[in-house]
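Student: Could you take a close look with me at the place where the ligand sits, and then follow the chain outwards from there? I am new to this, so please go step by step.

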Amino acid sequence: MRLNDPETCRVFDVQRFSIHDGPGIRTTVFLEGCPLRCGWCQNPEAFGHGHAKPMLIAAILAEVLKDESYYALSGGGLTVSGGEPLLHLAPVRALLEGAKGRGLHTCVQTSGAVPQAHFAGVLDLVDLFQFDLKHMDSPRHRQLTGVATERIHANAAWLLQQGANVQFRMPLIPGLNDDAENIDAMAQFLITHGALALCLVPYHRLYVDKYRAMGLEPGVQGLEPPSDARLAQVRQQLEQRGVAVTVEG
Ligand code: SF4
């Protein structure tokens with residue numbers, strides 16, 4: 001397999017009948033590789049522990065198209081996730097081209113931490129970007145994920161300038177990014193860029209068993225999911241600033 005081979009990519013899961021990865025019923029394809037190392041990452045398979053296997057783009061598309069009739073009925077389609085799928089520009093472009101060629105809705109889930117050229121390289125093929133914002137303060141973001149925010153925020157702003165359909169999502173991790181200062185900065189960032197909605201993704205602990213089964217320890221341990229009361233406070237803080245909030249799950 002050549003690096004960035006347009007015909008092949010390394011896949012660690014293909015989830016059919018996904019309902020949280022964009023509108024309608026979808027198939028989500030998870031690609032190996034991520035420049036971040038979030039301590040709460042639900043997908044350690046992305047970090048290359050031998051769980052991914054090379055798949056031809058044609059084979060992935062064939063798998064995705066098995067549920068074509070469900071997409072048509074529900075307004076669903078293909079979601080490309082990871083890891084960070086946009087690390088792999090050529091094969092992801094080929095996959096999206098194949099899906100669009102069949103009239104499917106396409107969604108890309110991204111951390112934003114790739115060169116802007118990689119967004120430009122798929123812009124015409126993506127109906128929805130689900131774009132994670134994890135922390136607004138760059139040094140703190142680097143502490144939590146291993147990378148700074150500058151490129152991520154520049155890519156978010158660029159996508160909006162291009163008129164892309166972007167759904168911003170924030171993993172809400174109690175004690176790590178749910179403080180009032182960060183929530184305020186999040187609201188300010190969104191408002192400044194004319195994006196007036198945010199999807200909160202509450203932290204959960206389901207992934208811990210997955211790590212242990214893989215012989216790994218998660219980077220973040222001992223946290224509890226946000227309480228309903230805390231979730232309501234965060235929601236209220238955002239809404240008071242003019243940001244419409246949805247909560248995933
Ligand atoms: S960006 Fe996503 S896939 Fe990458 S480490 Fe963070 S949570 Fe995991």
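Tutor: Keep in mind that this is a predicted model. The shell around the ligand is made up of five nonpolar, five polar and two charged residues. Here is who they are: C34, L36, R37, C38, C41, N43, A46, G82, G83, E84, S111 and T145 surround the ligand. Let us pick out some of these and see which parts of the chain they belong to.

Begin with G82 and G83, which are both in the shell. They are joined by a cis peptide bond, with omega at about 5 degrees. As background, most peptide bonds are trans, and most residues other than glycine have a negative phi. G83 sits in the loop between β4 and α3, which gives us two elements to follow.

Let us take β4 (residues 77–81) before the helix. Five of the five residues of β4 are buried, so the strand is largely enclosed by the rest of the structure. What lies beside it? On one side, β4 runs parallel to β2 (residues 26–31), and five bridges join the two. Among the facing pairs, T28 stands opposite T79, and F30 stands opposite S81. On to β5: four bridges join it to β4, and these two strands are parallel as well. T79 appears again here, standing opposite C107 in β5, while L78 has T106 as its bridge partner. In general, strands of a sheet pair through backbone hydrogen bonds, either parallel or antiparallel.

β5 repeats the theme of enclosure. Six of its six residues are buried, so β5 too is largely enclosed by the rest of the structure. You can check this face by face: H105, C107 and Q109 are buried on one side, and T106, V108 and T110 are buried on the other.

Now step back to view the whole sheet. Nine strands form an open sheet with mixed pairing, in the order β3-β1-β2-β4-β5-β6-β7-β8-β9. β3 (53–56) and β9 (244–247) are the edge strands, each pairing on one side only. From one strand to the next, the twist averages 30 degrees.

What lies across the strands? Return to the loop of G83, which leads us from β4 to α3. Helix α3 (residues 89–101) lies across β1 (8–18), β4 and β5, and it runs at about 170 degrees to β4. Elsewhere, helix α9 (residues 228–240) lies across β7, β8 and β9, running at about 155 degrees to β9.

Helix α1 (residues 57–65) also has a buried side, with I57, I60, L61 and V64. Seen down the axis, these residues fall within an arc of 100 degrees, so they line one face of α1. Their cover includes β1, β2, β3, β4 and α3.

β1 has turned up twice now, and it holds both T8 and F17. T8 counts as buried because it has 20 C-beta neighbours inside 10 Å. T8 also shows how folding brings parts of a chain together: T8 and P91 are 83 residues apart in sequence, yet 6.1 Å apart in space, C-alpha to C-alpha. F17, with 12 C-beta neighbours inside 10 Å, counts as exposed. F17 has a positive phi of about 60 degrees although it is not a glycine.

Finally, let us come back to the ligand through T145, another member of its shell. T145 belongs to helix α5 (residues 138–145), where H141, L144 and T145 are buried. These three cover an arc of only 75 degrees around the axis, which puts them on the same side of α5. The face turned away from that buried side carries P139 and Q143, which are exposed. Just after α5 comes G146, with a positive phi of about 95 degrees.

Key:
Residues are numbered from 1 along each chain as its sequence is written. This is a predicted model: local features need pLDDT of at least 70, side-chain atom pairs count only at pLDDT 80 or more; totals for chains, interfaces and linings use all residues. A residue is near a molecule or strand if its C-beta atom, placed from the backbone, lies within 6 Å of it. Ala, Val, Leu, Ile, Met, Phe, Trp, Tyr, Cys and Pro count as nonpolar, Asp, Glu, Lys and Arg as charged, and the others, Gly among them, as polar. Two strands pair if DSSP finds at least two bridges between them. Axes are lines fitted to C-alpha atoms, for helices over the stretch in contact, and angles run from 0 to 180 degrees between N-to-C directions. Two residues are in contact if their C-beta atoms, placed from the backbone, lie within 7 Å. The arc is that of the directions from the helix axis to the C-beta atoms.
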